[in-house]
Amino acid sequence: MNKKNKLYLLLTLGILFCVFFSCSDNNEEPENPPVYADLTDVSLKQTVNGKESFELTEVDEELNFSSQLEFNGKTINWSKPSLELSFSSLFILSADNITVTDSKGATVTQTEVTIDQNTIKVSFAKNSGSYSYLGSSTITIIIKTSLKPGITDEELSGLNYSGFNTQSIFYGETQARNIKSNTVTVVSKISPDVLYDVKGDPNNDNYPYKLNVVYFVPSDIIENPGYKKRISTLLLKHQLYICKWMKYWGYDEKSFGLPLDENGMVDIVKINAKGKKADYPYDGGGSKMITEINEYYTQNSLTKYSEHTLVLTAINGSNEDTPFYGLGKWCFAYEYEGMAYENMQRDPITGNPIKPVGGITNNSIGGMFHELGHALNEPHVGPTNSQKNNVDFGMSLMGAGNQTYGKTATFMHHASAAIMNNCQLSSFTKKTFYETVTASLKISGVEINGGTCTVKGNFIASVPVTDVIIRFYNVSETFLGGSHGYTSVAFVAKPVGNTFQLDIPIEEMKVNSFDYKVGVTILMENGTAKSTSQPYSYHLVNTGGTYTFESEDVINDGNWSVTTSHPLPADDAISNAPGSLVDGDLSTCLSMVKPGKSYGGVSVPATGEEVWAVIDFGKQMTFNTIVLTNRNFQAFLNTKAVSFYGSDNGSTFTPVKEHVGLPNATVNEITLDAAVRYRYLKMRFDEWDNSGGSTMQFAELGLKNKK
């Protein structure tokens, strides 16, 4: 066969071969090439708690951020498909709180979750070498979160102001080429007050009486931002301070009631004052505030929680001439923006440092709680020698503790705790407080035995007596008077029936260098008290290493008696009687009507009649000093000058010292030119105050025979 025929044959066979296969039973068409998903094929939607915008109403509310991915059935051939969602530092982020599910709710396990600088990244991996599980389902990524613990007031305020916006992004290869979801928003109107977590006395809800707290804002002063939180923290911390020392001194672990709001802060009544700051000066401003505050309560139908009130005046700069004292059951202090617990040098409860460098150096906080002590019935009292030198005690709050509280060791005195125990605010029972009682009290003896001083006495009271405070105080001061008593040294005894007795180590008195007098106070369970004190003075001496007392007083042996030139006006408050001049009790007084005045049914002519008192000692007495103690600080009740005359028969008197001025408002010691010896001593009233008052009053006349 030639070449031409061979070529023809091959061509024919090829045609037949093609016809054969084209006519066979296999009708399948060739497979089309795959169509891969592009980012434009992906849909991404995001919600928070099922909404595009959600408002937080509680600080611990849960948020569910949901991102839904759909790929429209397209084949995925990206190398690293991923979804990212960014958060702020306000939120708690944890991989354990992130779930990825398909449209059937089954968990998608082919994922890797990472968290880097508040950004969550969910990366998808292949399953059996393919991403087909993505293309055939709706993928839902849920991130559960909430606001972080310890979120600050400033952070929450920022969230309230700006809200939080975010959107998720998805990419297949690089983050730069991505699609974004819609933006979701979290808004908040949560008050920062809900974050308040300072806790005070755990018994607070059990107190039926609570402290009234008033924030007083003069018309030319702007209220200090955050005052409520600052005041609340200071008061709640002080509750714990009181609890600590009440327990230490053997009383119930309690303090004083505070009215609290729903967030645990003190419920403070803010009053915008009628006047400017200068209208409420230190002198008299407190009384003016009381009137205005009481009017505000009445006009706004507010009910006071108790008889005790703390008033804090807002100041923006100088505290000059601002009321800062205790006035009855009212405490007045000021408040400024830096007056905060976190600015104290040390914690008054634990002693741990807070801000030892750059902390508060003034007396604003210590002074406030010192004056609050006065408003809770507590007078001044200082530390004993051992307390002052003990690092766990230091200074008493009702002594100079107004200068040390929050700076160095400061303690609550046993005497203050005994008074607090009966205060209306510390009662767990609703009952009548501070009603008038009938009570009498007498110091029957002060015995010195080497290094021990034994003080004993008795009382009668219409209300049960819980404690007896025995107080040694400066001879130049009036017992429990005004600003006096900062350095007094006190001890507490329990009554036995209607008597008391306590042995006191005299060495404790060496904390001071002055001479002492002795006073006693009985505390009654309705919050009232009855006090008395002696006019005699005790000098501290060191005898061979042992401290003891010496006294130069001529003590009334009980036989002294007094007669007066005129009848005495009735005055039960001071037990006005002739014998009150020499009874050794500074709570009783002799009150005589001034010439030219009338009082209590007694009238004395302006001229022509002397006013005098004669003391009969019952026997001759030798003395070189006469001590006169005024009733109180009111000058118009004090006598300006007197004359003294001596006698042995009660009718013929010899001048001892005439026209003696009495310049001291409290105690005047008249030193004679030489010692004298008489049975009778006549005191003539020569000059008196004419600015007011109708009587001249002395608490005590005493004698000394100084060496």
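These exercises, with worked solutions, concern a predicted model.

**Exercise 1. Confidence**

Task: State the mean pLDDT of the chain and find which stretch has a pLDDT below 50.

Solution:
- Start with the chain. Its mean pLDDT is 92. A pLDDT of 70 or more is reached by 94% of its residues.
- Then look for the weak stretch. Residues 15-26 have a pLDDT below 50. Beyond near neighbours in sequence, residues 15-26 make zero contacts in the model.

**Exercise 2. The sheet with β22, β23, β25 and β26**

Task: Give the strand order of this open sheet, and explain why one side of β23 and of β26 has no neighbour in the sheet.

Solution:
- Write down the order. The four strands run β23-β22-β25-β26, and the pairing is antiparallel.
- Read off the edges. β23 (489-493) and β26 (529-533) stand there, each with a single partner strand, so each has one side without a neighbour in the sheet.
- Add the twist. From one strand to the next, the twist averages 20°.
- Zoom in on one pair. β25 (residues 516-524) and β26 run antiparallel and are joined by five bridges. Gly 519 has Ser 533 of β26 as its bridge partner.
- Place the helix. Helix α8 (residues 414-421) lies across β22 (465-474), β23 and β25. The angle between α8 and β23 is about 50°.

**Exercise 3. Following β3**

Task: Find which strands β3 pairs with, and how many bridges each pairing has.

Solution:
- Take β1 (residues 43-48) and β3 (residues 63-70). Six bridges join these antiparallel strands. Ser 67 in β3 stands opposite Gln 46.
- Now take β8 (residues 139-145). Seven bridges pair β3 with β8, again in the antiparallel sense. Ser 66 has Ile 142 in β8 as its bridge partner.
- Recall the underlying rule. Strands in a sheet pair through backbone hydrogen bonds, in parallel or antiparallel fashion.

**Exercise 4. Helix α4 and its salt bridge**

Task: Check the span of α4 against its residue count, and explain why the salt bridge of Lys 229 ties together separate parts of the chain.

Solution:
- Test the span. With 22 residues at 1.5 Å a residue, α4 should span 32 Å. The end C-alpha atoms are 32 Å apart, which agrees.
- Look past the helix. Gly 250 follows α4 and has a positive phi, near 95°.
- Find the partner of Lys 229. Its side chain meets that of Asp 153 in a salt bridge, at 3.2 Å from N to O.
- Locate both residues. Lys 229 belongs to α4 (residues 227-248) and Asp 153 to helix α3 (residues 153-162), so the pair ties together parts that are 76 residues apart in sequence.
- Check exposure. Lys 229 is partly exposed at 36% relative accessible area. Asp 153 is also partly exposed, at 24%.

**Exercise 5. More salt bridges**

Task: Take the pairs Lys 510–Glu 507 and Glu 610–Lys 682, and decide whether each residue is buried, partly exposed or exposed.

Solution:
- Begin with the total. The model has 18 salt bridges.
- Take Lys 510 and Glu 507. Their side chains meet at 3.3 Å, N to O. Lys 510 is partly exposed, with 31% relative accessibility. Glu 507 is partly exposed, with 42%.
- Take Glu 610 and Lys 682. Here the N to O distance is 3.7 Å. Glu 610 sits in the loop between β33 (602-603) and β34 (612-630), and Lys 682 in strand β37 (residues 667-688). The two are 72 residues apart, so to speak distant parts of the chain are linked.
- Apply the cut-off. Buried means under 20% relative accessible area. Lys 682, at 16%, therefore counts as buried. Glu 610, at 40%, is partly exposed.
- Widen the view. Glu 610, Lys 682, Arg 684 and Asp 686 form one network of salt bridges that share partners.

**Exercise 6. Positive phi outside glycine**

Task: Locate Asn 118 and Ser 575, and give the phi of each.

Solution:
- Set the background. Most residues other than glycine have a negative phi.
- Take Asn 118. Its phi is positive, about 70°, although Asn 118 is not a glycine. Asn 118 lies in the loop between β6 (111-116) and β7 (119-124). It is partly exposed, at 29% relative accessibility.
- Take Ser 575. Its phi is also positive, near 50°. Ser 575 lies in the loop between β30 (561-564) and β31 (590-593). It is partly exposed, at 41%.

Note on methods. Residues are numbered from 1 along each chain as its sequence is written. This is a predicted model: local features need pLDDT of at least 70, side-chain atom pairs count only at pLDDT 80 or more; totals for chains, interfaces and linings use all residues. Side-chain values use heavy atoms; hydrogens and water are left out. Two strands pair if DSSP finds at least two bridges between them. Axes are lines fitted to C-alpha atoms, for helices over the stretch in contact, and angles run from 0 to 180 degrees between N-to-C directions. Contact means heavy atoms within 4.5 Å. A salt bridge is a side-chain nitrogen of Lys or Arg within 4 Å of a carboxyl oxygen of Asp or Glu. Buried means under 20% relative accessible area, exposed over 50%, partly exposed in between (1.4 Å probe, protein chains only). pLDDT is the predictor's confidence in each residue, from 0 to 100. The expected span of a helix is 1.5 Å times one less than its number of residues.
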